[in-house]
Amino acid sequence: SGTTRPMRILHYVQRSAKCGDVLSVISAIDSFCSKVEWAMNVGDKKGEILDAVVLETRPRYVLELGTYCGYSTMRIARLLPPGARLITIEMNSHYAQVAKELFQHAGLDAQDKSAEKRPAGPTCKVELLLGSSSVLIPQLKKKLDIDKFDLVFIDHWKVSYLPDTRLLEECGLLKSGSVLLADNVTCPGAPDYLEYVRNSPRYRSQYFPSQLEYLQVEDGVEKSVFLG
Ligand SMILES: Cc1ncccc1-c1cc(O)c2nc[nH]c(=O)c2c1
Ligand SMILES: [Mg+2]
């Protein structure tokens, strides 16, 4: 039945955002999703909290769980210094394809790591992995030569927040001071994840109240520092 929502976002951006200008791509997505059609980007309000946490953490290695159209990937990437690496995992191949095309429009040097034809080692900041986070997380050290993540942005599916966090711990991908930032802990909600990070002695957790993207509905993000 014609186009999908991610395609409509992509077409709007291609028509109205300036090539090579990541800020204009971000604001074009926000204006489309607030004026034309809602979509599950982290959005501008929670996006400002994300920005603040990225700037405060100054991460060199970032993991994002849930790329969707790449809106938060671009918000994070624009604040990272050259040499930093941002790995984003998406299990929906259509979402991943749209994200890649949005990165291209934004002039973000992004690479589809699942593609065969790629130069060895990271030549660019954003590395998009296609697949399930529970399958890919245990492969990150070996396949991508990553040791620990300084920041993890969790924004995929609420039932996966807790198991994937436990997996990150078990795979030795977190170090003392690593920051987890989880979207949607109020809406749609991730109660088991919240219970865990708020009660575990291994985390210091803080809730940032906000609103669901583009709506007047309450939501918030949870920042949890791993204590090792
Ligand atoms: C889709 C939706 N409907 C009503 C209320 C909230 C949502 C919603 C919002 C988000 O920011 C999401 N982020 C990642 N993954 C999601 O599934 C998701 C779902
Ligand atoms: Mg979200």
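Start by selecting strand β2, residues 85-90: six of its six residues are buried, so the strand is largely enclosed by the rest of the structure. "Buried" here means under 20% relative accessible area, "exposed" means over 50%, and "partly exposed" is in between, with a 1.4 Å probe and protein chains only. Strands (E, at least two residues) and helices (H or I, at least four) are DSSP runs, numbered from the N terminus.

Before you click on: this is a predicted model, in which local features need pLDDT of at least 70 and side-chain atom pairs count only at pLDDT 80 or more, while totals for chains, interfaces and linings use all residues. Residues are numbered from 1 along each chain as its sequence is written, chains are lettered from A and ligands numbered from 1 in the order in which they are written, and side-chain values use heavy atoms, with hydrogens and water left out.

**Stop 1: around β2**

Show the side chains of β2. In a regular strand the side chains alternate between the two faces of the sheet. On one side you'll find R85, I87 and I89, on the other L86, T88 and E90, and all of them are buried, so both faces are covered. Now add strand β1, residues 61-65, which runs parallel to β2 and is joined to it by five bridges. To see one of these bridges, pick L63 and its partner in β2, I87.

**Stop 2: the whole sheet**

Colour all the strands. Strands of a sheet pair through backbone hydrogen bonds, either parallel or antiparallel. Two strands count as paired if DSSP finds at least two bridges between them. What order do the eight strands of the open sheet have? Reading across, the order is β3-β4-β2-β1-β5-β6-β8-β7, and the pairing is mixed. The edges are β3 (110-112) and β7 (203-211), each pairing on one side only. On average, neighbouring strands of this sheet are turned by 15° against each other, direction ignored. Those angles use axes that are lines fitted to C-alpha atoms, for helices over the stretch in contact, and angles run from 0 to 180 degrees between N-to-C directions.

Go to the β7 edge. Strand β8 (residues 218-226) pairs with β7 in the antiparallel sense, over nine bridges. Select Y207 and you can find its bridge partner, E222, in β8.

**Stop 3: two helices and a bend**

Next, show helix α3, residues 43-57. This helix lies across β5 (149-154), β6 (174-182), β7 and β8, and runs at about 150° to β7. Just past the helix, in the loop between α3 and β1, is R58. Most residues other than glycine have a negative phi, and most peptide bonds are trans. R58 goes the other way on phi, with a positive value near 45°. Is R58 buried or exposed? At 72% relative accessibility, R58 counts as exposed.

Then try helix α8, residues 161-170, where seven of the 10 residues are buried, so the helix is largely enclosed by the rest of the structure. Among the buried ones are Y161, L162 and D164. After α8 comes G172, with a positive phi near 65°.

**Stop 4: the ligand**

Select ligand 1 and everything near it, meaning residues with a heavy atom within 4 Å. The surrounding residues include W38, M40, D155, H156, W157, N184, C187, P188 and E213. Three polar contacts (pairs of N or O atoms within 3.5 Å; within protein, one must be able to donate a hydrogen and the other to accept it, and residues adjacent in sequence count only if both atoms are side-chain atoms) are worth a look. A backbone N or O atom of H156 lies 2.6 Å from a nitrogen atom of the ligand. The side chain of N184 puts an N or O atom 2.7 Å from a ligand oxygen, and for the side chain of E213 the distance to a ligand oxygen is 2.5 Å. Taken alone, ligand 1 exposes 420 Å², and the protein buries 73% of that; accessible areas come from the Shrake-Rupley method with a 1.4 Å probe, and for residues only the protein chains shown count as cover.

Stay with N184, in the loop between β6 and α9. This residue is not a glycine, yet its phi is positive, about 65°, and at 11% relative accessibility it counts as buried. Finish at P188, in helix α9 (residues 185-189): the peptide bond from C187 to P188 is cis, with omega near 5°.

Terms used. Contact means heavy atoms within 4.5 Å.
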